[in-house]
Amino acid sequence: MERVEVSARELTDGEAVERAKRGDHEAFRVLVERHRGRVQALALRILRDRAAAEDATQDAFLKAYAALEGFESRSKFGTWMYRLAYNHCLDLKRRDRSARQVEWDDARGDVGETPAHAL
């Protein structure tokens with residue numbers, strides 16, 4: 001029986017994941033193209049900054065690629081990717097908040113932000 005080669009674009013997410021795990025970069029590119037819009041919209045809602053959302057989206061897909069071997073297909077790839085991106089964006093927000101501290105100036109009676117590295 002002759003084996004017919006299927007284009008990466010014609011694959012289901014599950015098939016694309018399996019190919020990507022075996023080193024097929026085109027299959028992973030297809031997954032990125034399919035899910036980028038949803039991930040980027042999520043990042044923009046959380047981070048409220050277009051440039052930060054674009055960076056977070058790229059970082060999330062890099063994390064997904066690195067962790068692909070651990071993806072066990074118990075959920076859909078899109079669900080897993082969305083959750084990974086969500087957690088990444090929340091981590092970014094937490095880091096941003098922890099980099100700033102609020103300082104009360106008793107003499108002036110106001111609040112000023114002081115970067116954590118300046119303390």
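# A tour from Phe28 outward

Select Phe28 to begin: its relative accessibility is 8%, so Phe28 counts as buried. Keep in mind as you go that this is a predicted model.

**The whole chain**

Now zoom out and colour by secondary structure. You should find 4 helices and 2 strands, arranged along the sequence as α-α-α-α-β-β. Of the 119 residues in the chain, 29% are buried.

**Helix α1**

Select residues 13-21, which form helix α1. Which residues of α1 are buried? They are Ala16, Val17, Arg19 and Ala20. Look down the axis and you will see these four on the same side of α1, because they cover an arc of only 165° around it. Step past the end of the helix to Gly23, where phi is positive, near 100°.

**Helix α2**

Next, select residues 25-47 for helix α2. At its start, show the side chain of Asp24: one of its oxygens comes to within 3.0 Å of the backbone nitrogen of Glu26.

Turn α2 sideways and follow its course. Where does α2 bend? Centre on His35, where the bend is about 50°. If you like to check with the distance tool, the end C-alpha atoms of α2 span only 29 Å, while a straight helix of 23 residues would span 33 Å at 1.5 Å a residue.

His35 is also one of the buried residues of α2. Others to show as sticks include Val30, Leu31, Val32, Val39, Leu42 and Ile46, and Phe28 from the opening stop is on the list too. After the helix comes Arg48, with a positive phi near 55°.

**Aromatic pairs**

Time to display the rings. The count of aromatic pairs comes to 4. Go back to Phe28 and add Tyr65: their ring centres are 5.0 Å apart and the planes meet at 70°, over the 60 degrees that marks an edge-to-face pair, so that is how this one is classed. Phe28 belongs to helix α2 and Tyr65 to helix α3 (residues 50-67), so the pair ties together parts that are 37 residues apart in sequence. Is Tyr65 buried or partly exposed? With a relative accessible area of 34%, Tyr65 is partly exposed, whereas Phe28 is buried at 8%.

Move on to Phe77 and Trp80. Here the ring centres lie 5.7 Å apart with the planes at 50°, so the pair is tilted. Both residues sit in helix α4 (residues 77-98), 3 residues apart, which is about one turn of the helix. Phe77 has 3% relative accessibility, so it counts as buried. Add Phe71 to your selection and you have a cluster, as ring pairs link Phe71, Phe77 and Trp80.

**A charge over a ring**

For another ring, select Arg38 and Tyr82 together. Which part of Tyr82 does Arg38 lie over? Arg38 is over the face of Tyr82, at 3.9 Å from the ring centre.

**Last stop: Thr57**

Finish in helix α3, where you will find Thr57. Its relative accessible area is 4%, under the 20% cut-off, so Thr57 is buried. What does the side chain of Thr57 reach? Show the backbone of Ala53: the side chain of Thr57 reaches its backbone oxygen at 2.8 Å.

Conventions: Residues are numbered from 1 along each chain as its sequence is written. This is a predicted model: local features need pLDDT of at least 70, side-chain atom pairs count only at pLDDT 80 or more; totals for chains, interfaces and linings use all residues. Side-chain values use heavy atoms; hydrogens and water are left out. Buried means under 20% relative accessible area, exposed over 50%, partly exposed in between (1.4 Å probe, protein chains only). The arc is that of the directions from the helix axis to the C-beta atoms. The expected span of a helix is 1.5 Å times one less than its number of residues. The bend at a residue is the angle between axes fitted to the seven residues ending there and the seven starting there. A polar contact is a pair of N or O atoms within 3.5 Å; within protein, one must be able to donate a hydrogen and the other to accept it, and residues adjacent in sequence count only if both atoms are side-chain atoms. Rings of Phe, Tyr and Trp (its six-membered ring) pair if their centres lie within 6.5 Å; planes under 30 degrees apart count as stacked, over 60 as edge-to-face and the rest as tilted. A charge sits over a ring if NZ of Lys or CZ of Arg is within 6 Å of the ring centre and within 35 degrees of the ring normal.
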